[in-house]
Amino acid sequence: MRHPITPIHCRPWTLNGLSLQLIESHYENNYGGALRRLNAIQQDLERLDFASAPGHLVNGLKREELVALNSTLLHELYFACLAFGDGRPTEALAQALARDFGSVDRWRDEFVAMAGALAGGSGWVLLTYVPRDHRLANQVAAEHTQAIAGAIPVLALDVYEHAYHIDFGANARAYIDAYMRNIDWKAVQVRYEDACGVAPPRPLEQPEFGDIDAVSVEDVRAMMQRGDPVQIVDARPRHYVSRTRDIMDGATWRDPERVQEWQGELSKDQPVVVFCVYGFHVGCRTARVLRDAGFDAKYMAGGHAAWRAIGGKTLAYG
C-alpha cells in the first residue's frame, strides 16, 4: 500500500460535545474510505499506459486522485487538531491571529461564519499560513480540491455532513461550536511554527544589478498619490513604445540609448524612478548610468507591465 493509515491523533473519549461514535465513524469510514480510494486510484494509474490511454480516462483518474489525496491529508489534519481544552489559542497564536486578522475574536467570527455558510453543503474551512506573505489566512476548500497555492494548512474544520450528522443532525452550528471548544491549540502552534520556517518562493534576482536599488510599483503609486517630489522616467526601448502607444501617467519617455543626451534635463535634487517594459536590464542599466552621474536613481521592479497589472493609470502616447 502506497499510503499507510495514520493512527488517530486525538483521544476521542475526552472530547467535549463530540461523541466517541461520531469520531470513530468519521475516522474509520470517511478518512479510511478516502485513503483506500486513494491507494486504489494510484494502483490504476501505475497500471495505465499513458501513451495510449484516452484523455478522459487520464483526466478522470488524476482528478479523483486529487480529491482523494486532499481528503486524506485534510482528515489527518482535522483529527490532529482536536483535544479537550478551554478553546483559547496559545499566547503565541493569539498574537499571530491578532496581527493578521485584527483580533482573535475577529478571526473566530470569520472562521465560524465561513463554516456556517457551508452548512448543508460540503467543504472545509482552513486556517493556513502563506509563506509568500508571512501571514495567516482563512480559506474554504470545497470538494477537497480548492486551496491557496503554496499555503500550509495548520487548522482544519470538516463541514461535510458526515462530520456532524450522527451527533447533531442538521444542526451544523452546534457542531461548529463544539469543534471550536475542542481545538488543540498547542498542536496548532507547533504546525504554525513549522510553517513559519518554510521559505517563501525566491524573488527575482538579477545579480549583475545587485548594486541598484529597486522600488515596487505599489510604492511608486503611493509616492504619486502623496504628491512626493519624484521624477519618473519611462526608459522602454523606442520600438516597444511605438508599438504599445501608451505611457504611465506622470512619466516622461526617454530613449534609453541616449541617456547622456537627456540626463542633464533631470534634477539632482529629486529622486528618479526609472522603468522599462518588465523591470529587467534596460531599466536597471539606465538607473545605473544615472546613479553614476550623481542622481538618486532607482528602477521600478516589474516595469510598465507591473504598473498596468496593478491597475495603474496610463495615457495614450504617440
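**Notebook: cores, a sheet and one arginine**

I looked first for the largest nonpolar core, which has 52 residues, and L155 and Y179 have the most contacts inside it. By such a core I mean buried Ala, Val, Leu, Ile, Met, Phe, Trp, Tyr and Cys residues joined through side-chain atoms within 4.5 Å, where buried stands for under 20% relative accessible area with a 1.4 Å probe, protein chains only. Helix α4 (residues 104-118) gives the most to this core, with seven residues; helices here are DSSP runs of H or I with at least four residues, and strands are E runs of at least two, numbered from the N terminus.

I note that this is a predicted model, in which local features need pLDDT of at least 70 and side-chain atom pairs count only at pLDDT 80 or more, while totals for chains, interfaces and linings use all residues. Residues are numbered from 1 along each chain as its sequence is written, and side-chain values use heavy atoms, without hydrogens and water.

I then turned to the sheet, an open one of three strands in the order β2-β1-β3 with antiparallel pairing, where pairing requires at least two DSSP bridges between two strands. Its edge strands are β2 (135-141) and β3 (152-158), each pairing on one side only. Six bridges join β1 (residues 124-130) to β3, and W124 has D158 as its bridge partner in β3.

Last, I looked up R236, in the loop between β5 (231-234) and α9 (238-244). R236 is buried, with a relative accessible area of 0%, and a polar atom of its side chain lies 2.6 Å from the backbone oxygen of D246.

Key
Buried means under 20% relative accessible area, exposed over 50%, partly exposed in between (1.4 Å probe, protein chains only). A polar contact is a pair of N or O atoms within 3.5 Å; within protein, one must be able to donate a hydrogen and the other to accept it, and residues adjacent in sequence count only if both atoms are side-chain atoms.
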